[in-house]
Each structure stands twice: as C-alpha cells, then as structure tokens.
Amino acid sequence: MKLQRFLSIPVFSVFLLMGLIYYSTLFIIIQNWIGLRSSAGTLNAVIFTFMASLCLFSFFACVLTDPGHVPASYVPDVEGNNQSDQQSQSNASYYDSQLKQCDKCCMYKPPRAHHCRICRRCVLRMDHHCLWINNCVGYWNYKAFFILVLYATVASIYCTEWDFVGRMPLKIFYIVFGVKMAALGATLGTLLGWHMYLIAHNMTTIEYYEGIRAAWLARQSGQNYRHPFDISVYGNITLVSLYLSHYITHFSSVASSNLNMQSLYAFTLLKY
C-alpha cells in the first residue's frame, strides 16, 4: 500500500525537518526580526508558507506516485515493421535493448528500465532509489522529484536572508540557523545542478554512469559515443514538462485495448 511508504524513519525525518524549519523561520526569526503582525512580516510569512506548501505537496507526490513498473504482460515485438534500411539501422540499438531480460524478475524489460534491488522490481526510466522518499525516482515521479529539489533549494536560500538583531542568545541562534540553512541550500543546490545537467542531456543517473563505460569502450575502438536519447538541449528540457501528459493520454488508450505494451514503449522512445 502506498501509504506504507510513510512508515519510514527517513521519511519521518524529512517531515520533522520541514516542521522545525517552518516553525523556526516564522515564529522565531520573522517574529523577532520584524514581527508577524507587521505588513512586512505578514508578507514574508505568506511567501515562506507558500514555498513550504509547494515543498510539502511535491514531497507527497514523490512518495505516493508509483515511479512506473513493467507489466507482467509486456513482451517485446520487434517484427514486422515497414521502416527503411536507414531507419532500421538507427533503431537497431532500441530493438536490441528491448530483447534484454531482467535476471531478477525473469522477464523482458523495455529500454531505460532497470531493476531496483530495494523495491524488487524493474522501474521505468529509473534514476535512483531515494531513501528520503522511500521510493524510486522514475518515469512517473521524476518531474515531482525535480520540482521538490528546486522548491527546497529556493526555500533554504530564502531562510538565510535575515538581519541578526536582538539579544545575544537570539543572535547566536540566528547564526547557527543561518549556517545550517546555507549548508542545506548548498547541498540541495548541488543536487539541483546535477539534475539540470541530466535533463539537458536527457539521461538518468544510472545512464550517466553507464555512459562513462560506453564512452571508454568507444574510444578504445576509435569511435565517438553519444547518448542515444539526447536530441538537443531545448528538446530534452521540453520533454520534462511534456512527457507525463503524453504518457497518460497514450497509456489510457493502450489500457483500453488491454496492453499492447510494445506500442506504448515505442511511443516512450519517440518522446525521448
């Protein structure tokens, strides 16, 4: 059951951290800085509450959204296409990847799917298994994960922009809190930058490390390696905001005809 994913110490720790940051920012820092009842204090409280709400909503989406699994009925169909020789050669690697089987699941896995040893199943376009959401980051919830990191980074930076006023104990609290939020913002900012790089090249974390080995093998044979799903920076970035709606529309039509999964994953390849 999806709600069981919340029964995890890391997930509970994230909720606790969010609550502590929210309480400290509003009822200690803003209250003692300019006062919550002032117009400036109310404005800052509303802005930060809005950012915190976005973080919380994105976090729920990451935890509760299934990252995408491979249906048991999936069987690759690579026969009977009417493509030209050039098109067939360009898609040769796609058909080869469709014929791969998962040693753990003992079933075929489509392109860009990987087996998660924690979830014990193959995940579509798996990026990694995230301990803090007790879930894999994959095809369905990658956008929510990226937005969560973006909102959390902005909120952490926002928490560091205060004047240190008041009594000495309060000033010490401001300094300690500011240093911790700056460290959190730097950590999240690094993660955000990493996934911006991945999005620009239309690859996952797993594919990045696989690409390092593939590039080394290509150099050994005197060839150049290019990530097969990299279409262009603009096209890759556009896909992040578009693939989910296209996938849902197409999945609905395929489900109604009861799972010709080959057409579904061929569509996925085109979108990537």
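**Exercise 1. Take stock of the chain: how many helices and strands does it have?**

Start with the secondary structure. This is a predicted model, and its chain has nine helices and six strands. Next, check burial: of the 272 residues, 40% count as buried. Then look at the surface, where the accessible area comes to about 15700 Å². Carbon and sulfur atoms account for 63% of that surface. Finally, turn to the contacts. Take those between residues at least 6 apart in sequence; 62% of them join residues at least 24 apart.

**Exercise 2. Find the largest nonpolar core and work out which element gives the most to it.**

Step one is the core itself, which has 23 residues. Those with the most contacts inside it are Phe 59, Cys 62, Ile 133, Val 137 and Phe 145.

Step two is to see where the core residues come from. Two or more come from each of helix H1 (9-33), helix H2 (39-64), helix H5 (142-158) and helix H6 (168-200). H5 gives the most, with seven residues.

Step three: keep this core apart from another one. A second, separate core has 14 residues, including Ile 30, Cys 159, Leu 170 and Phe 177.

**Exercise 3. List what Val 137 touches, leaving aside its neighbours within four places in sequence.**

Go through the contacts in chain order. Val 137 meets Pro 67, then Arg 125, Met 126, Asp 127, His 128 and Cys 130. On the other side of Val 137 in sequence, pick up Tyr 142 and Phe 145. Phe 145 should ring a bell, as Val 137 and Phe 145 are both among the residues with the most contacts inside the largest core.

**Exercise 4. Decide whether Ile 47 is buried, partly exposed or exposed.**

First, place the residue: Ile 47 sits in helix H2. Now use the cut-offs: buried is under 20% relative accessible area and exposed is over 50%. Ile 47 has 34%, so it is partly exposed. For a distance check, pick Ala 155, which is 108 residues away along the chain. The C-alpha atoms of Ile 47 and Ala 155 are separated by 9.5 Å.

**Exercise 5. Describe the second largest pocket: its volume and its lining.**

Begin with the space, about 750 Å³. Then count the lining, which is 32 residues. Val 14, Met 18, Leu 148, Ala 152 and Leu 188 lie nearest the pocket's centre.

Now sort the lining by element. H1, H2, strand E5 (128-130), H5 and H6 each supply at least two residues, and H2 gives the most, with seven.

Last, sort by character: 24 lining residues are nonpolar, seven are polar and one is charged.

Conventions:
Residues numbered from 1 in each chain as written. Predicted model: local features only at pLDDT ≥ 70, side-chain atom pairs only at ≥ 80, totals over all residues. Heavy atoms only, no water. Core = buried A, V, L, I, M, F, W, Y, C linked by side-chain atoms within 4.5 Å. Buried < 20%, exposed > 50% of the residue type's maximum accessible area, 1.4 Å probe, protein only. Helix = DSSP H or I, 4+ residues; strand = E, 2+ residues; numbered from the N terminus. Contact = heavy atoms within 4.5 Å. 1 Å grid on protein atoms, 1.4 Å probe; cavity = no way out; pocket = protein on both sides within 12 Å on 5 of 7 lines; lining within 4 Å. Points joined across faces, edges and corners; volume = space filled by probe spheres on them. Nonpolar A, V, L, I, M, F, W, Y, C, P; charged D, E, K, R; others polar. Areas by Shrake-Rupley, 256 points an atom, 1.4 Å probe, with all protein chains shown as cover.
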